[in-house]
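The following exercises concern a ligand site, pockets and backbone geometry. Each task is followed by a solution in steps.

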Amino acid sequence: MPAAGRPDKLRLGVLASGRGSNLQAIIDAIEAGSLQAQIVLVLSNKKDAQALERARKCRIDAVFLDPKPFKDRPDSREAYDRAILEVLTKHEVELIVLAGYMKIVTPVLIKAYENRMMNIHPSLLPSFPGLDVQKKALDWGVKIAGCTVHFVTEGVDEGPIIIQAAVPVLEKDTADALTARILEQEHKLYPRAIQLYAEGRLRVEARRVSVAGLDSQPAGALISPA
Ligand code: GRF
């Protein structure tokens, strides 16, 4: 974990496969001064990921790492992650930020970046891991959905939880509408989680992440339907 008050800014490496709206939220938070960090690399497994475009626009190193040359090897996923690790090391990345990265990360990366790799997921974990989860939450009939930022461990969407936002499900909700309202919260949540890390306030003890300096938290409840 970085020490609090370090003079140089935390070096982020963002892995993304698609649209990159979370990447954009992180860029915007850095520009607005609410996140003290720098993005030194955006890497994608998809050549035409919009996330790469967004990075280039901001003059951030944008790397497309083609998975195809690795695909016939028996250890293709690990070999690909070793190649990623090389790029991350070259850029001296301190914290990996998965932002819509649609590839399973192997222990090659997880071990090298233990408690130094975050992911954002559009559900209140441990409910609804996996894909298409906003629709699954709606179909299940939950009244409160949300999103989670967590450290990455080997179990998919199972790592220690850093921060969550609860989003009420509305009476006439559709999957698209719920997804959009959750995404709005994701864009606030991810920069906040990274800032807590940058301030050296996160401690991982078994499954629990404790956050330093949270002495006077409100203890209310969100009731849905209100
Ligand atoms: C987000 O909903 C995120 O929670 C999930 O993938 C989506 C990525 O969206 N892991 P974007 O590429 O950041 O716009």
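The exercises below refer to this predicted model.

**Exercise 1. The shell around the ligand**

Identify the residues around the ligand, classify them, and state which elements give two or more residues to the shell.

*Solution.*

Step 1. With a cut-off of 4 Å between heavy atoms, the shell consists of Arg-19, Gly-20, Ser-21, Asn-22, Gly-100, Ile-120, His-121, Pro-122 and Glu-186.

Step 2. Sorted by class, these residues comprise 5 polar, 2 nonpolar and 2 charged. The class of Gly-20 and Gly-100 has to be settled here, and glycine is counted as polar.

Step 3. The ligand sits in the largest pocket. Two elements contribute two or more residues to the ligand shell: helix H1 (21-32) and strand E5 (117-121).

**Exercise 2. Polar contacts and burial of the ligand**

Determine which N or O atoms of Gly-20, Asn-22 and Glu-186 approach oxygen atoms of the ligand, and give the share of the ligand's area that the protein buries.

*Solution.*

Step 1. Consider the backbone. A polar backbone atom of Gly-20 is found 2.8 Å from a ligand oxygen, and for a backbone N or O atom of Asn-22 the distance to an oxygen of the ligand is 2.9 Å.

Step 2. Consider the side chains. In Glu-186, a side-chain N or O atom lies 2.7 Å from an oxygen atom of the ligand.

Step 3. Compare with the cut-off for a polar contact, which is 3.5 Å. The values for Gly-20 (2.8 Å), Asn-22 (2.9 Å) and Glu-186 (2.7 Å) can each be checked against it.

Step 4. Turn to the accessible area. The ligand alone exposes 370 Å², and 85% of that is buried by the protein.

**Exercise 3. The two pockets**

Describe the largest and the second largest pocket by volume, lining and contributing elements.

*Solution.*

Step 1. The volume of the largest pocket is about 880 Å³. Its lining has 40 residues, and those nearest the centre are Gly-100, Tyr-101, Met-102, Ile-120 and Leu-131.

Step 2. This lining divides into 17 nonpolar, 15 polar and 8 charged residues. At least two residues each come from H1, E5, helix H5 (133-140), strand E6 (144-151) and helix H6 (175-198), and H6 gives the most, with 4 residues.

Step 3. For the second largest pocket, the volume is about 440 Å³. It is lined by 16 residues, with Ile-162, Ile-163, Gln-164, Arg-192 and Gln-217 closest to the centre. Strand E7 (161-168), H6 and strand E9 (208-211) each give two or more residues to this lining.

Step 4. H6 again has to be considered: in the second largest pocket H6 gives the most to the lining, with 6 residues. By class, the lining of the second largest pocket holds 9 nonpolar, 4 polar and 3 charged residues.

**Exercise 4. Backbone geometry**

Locate the cis peptide bonds that lead into Pro-126 and Pro-225, and place Glu-92, whose phi is positive.

*Solution.*

Step 1. Leu-125 and Pro-126 are joined by a cis peptide bond with omega about 10 degrees. Pro-126 belongs to the loop between E5 and H5.

Step 2. Between Ser-224 and Pro-225 the peptide bond is also cis, with omega about 0 degrees. Pro-225 is in the segment after E9.

Step 3. Glu-92 is a residue other than glycine with a positive phi, near 50 degrees. Glu-92 lies in the loop between helix H3 (76-90) and strand E4 (95-98).

Key: Residues numbered from 1 in each chain as written. Predicted model: local features only at pLDDT ≥ 70, side-chain atom pairs only at ≥ 80, totals over all residues. Heavy atoms only, no water. Polar contact = N/O pair within 3.5 Å; in protein donor to acceptor, adjacent residues only side chain to side chain. Areas by Shrake-Rupley, 256 points an atom, 1.4 Å probe, with all protein chains shown as cover. 1 Å grid on protein atoms, 1.4 Å probe; cavity = no way out; pocket = protein on both sides within 12 Å on 5 of 7 lines; lining within 4 Å. Sits in = over half its atoms within 2 Å of the grid points. Points joined across faces, edges and corners; volume = space filled by probe spheres on them.
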